[in-house]
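Please open the structure in your viewer and keep the selection panel at hand. The tour proceeds by stops, each beginning with something to select.

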Amino acid sequence: MTSHQITMHHLAGLLGEWRGPASDYSTLAERIRLLVIDGRIKAGARLPSERALAEHLGISRTTVNSALADLRASGYVRSRQGSGSVIEIPGRTGDLPIPRAGDMLDLSRATSSAVPGVHAAAERALRRLPARLTTDGYELSGLPTLRETLAALYSSRGVPTAPENILVTSGSASAVSLIARTFLAPGDRVIVETPGYPHSNDAFRAAGARLIPTIVDGEDGWDAEEFASSVTRALPVLAYVMPDFHNPTSRSMSASVRGAVVDAAARNGTILVSDETTAELDIDRLESTIPIAAYDTAGSTVVSVGSASKTMWGGLRVGWIRASTTIIDRLVAARFSFDLGAAVLEQLITSELLEDLDAIIAYRRDLHRASRDTLAASLTRDLPSAHLHSVDGGVAAWVRLDTPVSSALTIAARSRGLLIGAGPWFGLSGEFERNIRVPITATPDAIERAVTILAEAMPEASAPHHAAHRAVL
Ligand SMILES: Cc1ncc(COP(=O)(O)O)c(C=O)c1O
């Protein structure tokens, strides 16, 4: 395995506010362990020296030394004279063998298999391909036919849109990265939701941005006043929100909050990026909503991001951006050094599937409803101390635990064969130890098994050797 150095700056960013009111070697070790499990520190990464860790983290070398010893004992670090401490994925943790990767029940990602009909749509798309082969295939803004269909879709939902307002991307992840790269310079501020979607936060960080949190409460959602005062104080270049359905809490923004959020952004010249990757995954939301772009009457504030991934299939890698033509033109110009467009055949398949969008959404709704209801029943039966808020749609439930043991619980669950996202993964600085994200994209059977494992792992997560962790986070 080749090793590479992880810089102190990078590690400090990943650790965030790991220590809480106290610092302790086991807290540091556990935090690093979780970053490894989440894939945020890769096997082979060489940690900074003990002295650098102690100096930058403001703790004693003894504490660092003990944390490294703890990581070595649990198989997460290999230390060699002269070559420092290198991260490893352990073969065993504690007394339980770690299941092989293929045997793990993976609920760390809120994803699912393709909707029926993708293969048939691909066959139809293939028949349309020859007409495209006489072109050079570089569609920097996206295939005209797909842009037209998407524009019509936005217009039918109350947001008048022309094809020139649409830019097709390789999934919404690529859309967010392109937006970050186009509009941000090092040191710029970006408001992000907390808890929030970690990969988008990473895209903003990669562009050099400073992230400023705005809270999304698992029960009550957004606080429009707090958002507006953050925007007024920080004057961020971008604010990034997920109005439908927020990942991980699944909250949906009320109409009045939508209006207030757009208003605050517009008044302060902030571009409001609305990630609507999961917007169509409605199960039984009470209030019918219109997209947040409808509140942007001048049309220059909201940049909407959409995707085929959650309704149709993630393997299509098709997403899109809807914005003013001025913004779209800037994004297209920036794209020359980015990816030069999305794949033509996948865009043709997506445009075929969009013909059946209503049926596709209905199919997902039935699956997600069954999974959500199974989650509620399983928690009541096996883990009654956990609290499940209402989940009206989206991809995940933000389950609340009665003690702050989320990191320890995911570690204990991993050795029993379950991969699942600990609460702190969705925060900016180690918070959310009382939450765990359970994807409702998983099948009811997988959810039932996952809850059984969580219930079995809970006594270990709550055991005394994790007490220091509980006390400080
Ligand atoms: C909020 C949010 N944004 C972006 C993405 C990435 O989606 P895509 O597959 O379209 O890149 C996801 C996927 O889970 C998501 O939940």
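**First stop: a pair of helices**

The model shown here is predicted. Select helix α2, residues 25-37, together with helix α14, residues 406-414: these two pack at an angle of about 55 degrees, and their axes are 10 Å apart. Because of that angle, α2 is oblique to α14. Turn the view to follow the sense of the crossing, in which α2 passes α14 in a left-handed manner.

**Second stop: from α2 to α4**

Keep α2 selected and add helix α4, which spans residues 61-73. The axes of α2 and α4 come within 8 Å and cross at roughly 50 degrees. This angle makes α2 oblique to α4. Here α2 passes its partner α4 in a right-handed crossing.

**Third stop: from α14 to α15**

Return to α14 and add helix α15, residues 444-461. How do the axes of α14 and α15 cross? They come within 8 Å of each other, at roughly 120 degrees. The two helices α14 and α15 are therefore oblique to each other. The crossing of α14 past α15 is right-handed.

**Fourth stop: the ligand**

Now select the ligand and display the residues that surround it: G171, S172, A173, Y197, M242, N247, D275, T277, S307, S309, K310 and R317. Sorted by class, this shell holds three nonpolar, six polar and three charged residues. Which helix gives the most to the shell? It is helix α7, residues 171-183, with three residues.

Zoom in on S172, where a polar backbone atom is 2.7 Å from an oxygen atom of the ligand. Move next to A173: a polar backbone atom of this residue is 2.9 Å from an oxygen atom of the ligand. Then select T277, which places a polar side-chain atom 3.3 Å from a nitrogen atom of the ligand. How much of the ligand's accessible area does the protein cover? On its own the ligand has 400 Å² of accessible area, and the protein covers 91% of it.

**Fifth stop: the backbone in two loops**

Before the next selections, a general point is useful: most peptide bonds are trans, and most residues other than glycine have a negative phi.

Select T194 and P195, and look at the bond that joins them. The peptide bond from T194 to P195 is cis, with omega near 0 degrees. P195 is located in the loop between β9, residues 189-194, and α8, residues 198-206.

Next, select N247, a residue already met around the ligand, together with P248. The peptide bond from N247 to P248 is also cis, with omega near 20 degrees. P248 belongs to the loop that runs between β12, residues 238-241, and α10, residues 255-267.

Finally, select S250, which lies in the loop between β12 and α10. What is the phi of S250? It is positive, about 70 degrees, although S250 is not a glycine.

Key: Residues numbered from 1 in each chain as written. Predicted model: local features only at pLDDT ≥ 70, side-chain atom pairs only at ≥ 80, totals over all residues. Heavy atoms only, no water. Near = heavy atom within 4 Å. Polar contact = N/O pair within 3.5 Å; in protein donor to acceptor, adjacent residues only side chain to side chain. Areas by Shrake-Rupley, 256 points an atom, 1.4 Å probe, with all protein chains shown as cover. Helix = DSSP H or I, 4+ residues; strand = E, 2+ residues; numbered from the N terminus. Nonpolar A, V, L, I, M, F, W, Y, C, P; charged D, E, K, R; others polar. Axes fitted to C-alpha atoms, helices over the stretch in contact; angles between N-to-C directions. Parallel < 35°, antiparallel > 145°, perpendicular 65-115°, else oblique. Left-handed = near helix turned anticlockwise from the far one by under 90°.
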